[in-house]
Amino acid sequence: MSQDQELSDDQRIEALYQAGYDIAQICKNGHIINTEANLQPQHNQWYCSRCGAECIARCPACKMFIRGEYLHNNHSLNLGFTRPKFCANCGDAYPWTKIAIQTAKELADELDSLTDDEKAILKQSIDGIVKDTPQTKIAATRFAKLMVKGGKEAASIAKEVLVDVMSEVAKKTIFPS
Ligand SMILES: [Zn+2]
Ligand SMILES: [Zn+2]
């Protein structure tokens with residue numbers, strides 16, 4: 001999908017329409033490639049130099065650009081960029097969020113110390129800890145309990161996989177230190 005990488009004039013207009021944000025280019029695994037993909041297209045990459053995955057600048061579901069740096073008079077305010085988990089336009093999870101959830105659920109299926117029911121609850125809780133909702137804390141508590149039963153090694157893999165897509169509330173509940 002070449003239109004994801006090569007920004008046309010139409011796309012620039014659409015980008016400006018986006019409340020003063022530049023466009024972010026991120027690889028499908030979640031490596032941040034360029035947070036000013038429109039102003040500084042020389043830093044764009046077709047494929048990620050760290051993992052080889054395709055780089056995207058739009059939501060695959062609705063095609064809206066991924067918000068990059070916040071701009072003032074066409075200059076970045078360098079407020080710091082936080083990689084989004086969900087599309088602000090359609091609410092779909094971005095590929096890196098989906099990959100992390102999927103990977104963690106596959107890990108849950110591998111945990112022989114859990115019953116099938118417990119595996120199902122653990123997988124449900126993984127969906128719950130990614131989102132900031134009133135249920136996040138409950139999901140995080142369930143997740144933490146079942147990961148204790150799942151074993152130390154699995155818990156540390158799960159942390160690595162999920163830490164960047166977990167909600168802050170869930171992080172504090174699961175890793176209080
Ligand atoms: Zn990558
Ligand atoms: Zn979208």
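**Exercise 1. Locate Ile121 in the chain, and decide whether it is buried or exposed or in between.**

Solution. Begin with the secondary structure: Ile121 belongs to helix H3, which covers residues 116–130, where helices (H or I, at least four residues) and strands (E, at least two) are DSSP runs numbered from the N terminus. This is a predicted model, in which local features need pLDDT of at least 70 and side-chain atom pairs count only at pLDDT 80 or more, while totals for chains, interfaces and linings use all residues. Residues are numbered from 1 along each chain as its sequence is written, and chains are lettered from A and ligands numbered from 1 in the order in which they are written.

Next, apply the burial rule, by which a residue is buried if 20 or more other C-beta atoms lie within 10 Å of its own, exposed if 12 or fewer, and partly exposed in between, with C-beta atoms placed from the backbone. Ile121 has 18 other C-beta atoms within 10 Å, and therefore it is partly exposed.

Finally, look at what Ile121 touches, taking two residues as in contact if their C-beta atoms, placed from the backbone, lie within 7 Å. Not counting residues up to four places away in sequence, Ile121 touches Arg142 and Leu146. The C-alpha atoms of Ile121 and Phe143 are separated by 8.2 Å, although these residues are 22 apart along the chain.

**Exercise 2. Work out which strands form the open sheet that contains S2, and which strands stand at its edges.**

Solution. Two strands pair if DSSP finds at least two bridges between them. The open sheet has 3 strands in the order S3-S2-S4, with antiparallel pairing. Strand S3 (32–34) and strand S4 (55–56) each have a single partner strand, so they stand at the edges, and one side of each is left without a neighbour in the sheet.

For the detail, follow strand S2 (residues 25–27), which is joined to S4 by 2 bridges and runs antiparallel to it. Across this pairing, Ile26 stands opposite Ile56 in S4. Leaving aside its neighbours within four places in sequence, Ile26 has contacts that include His31, Ile33, Cys55, Ile66 and Trp96.

**Exercise 3. Describe the open sheet that contains S5, and find what Asn73 does in the hairpin of S5 and S6.**

Solution. Here 3 strands make an open sheet in the order S1-S5-S6, and the pairing is antiparallel. S1 and S6 stand at the edges with a single partner strand each, so one side of each has no neighbour in the sheet.

On one flank, strand S1 (residues 21–23) is joined to strand S5 (residues 67–72) by 2 bridges, and the bridge partner of Ile23 in S5 is Arg67. On the other, S5 pairs with strand S6 (residues 75–76) over 2 bridges, again in the antiparallel sense, and Leu71 stands opposite Ser76 in S6. The hairpin of S5 and S6 has 2 residues between the strands, and Asn73 there takes a positive phi near 50°.

A further positive phi, of about 70°, occurs at Lys63, although Lys63 is not a glycine. Lys63 is found in the loop between S4 and S5, and because it has 14 C-beta neighbours inside 10 Å, Lys63 counts as partly exposed.

**Exercise 4. Determine where the largest nonpolar core lies relative to the two domains.**

Solution. Start with the domains, whose bounds come from an automatic or database domain assignment: the chain is divided into domain 1 (4–76) and domain 2 (95–174). Their centres, taken over C-alpha atoms, are separated by 30 Å. The contact between them takes 5 residues from domain 1 and 4 residues from domain 2.

Then turn to the core, defined as a set of buried Ala, Val, Leu, Ile, Met, Phe, Trp, Tyr and Cys residues joined through C-beta atoms within 7 Å. The largest nonpolar core has 39 residues, of which Ile26, Ala104, Ile129 and Phe143 touch the most other members. Among the elements that give two or more residues to this core are S2, S4, helix H2 (95–109) and helix H4 (136–150), and the largest share, 6 residues, comes from H2. Since both domain 1 and domain 2 give residues to this core, it lies between them.
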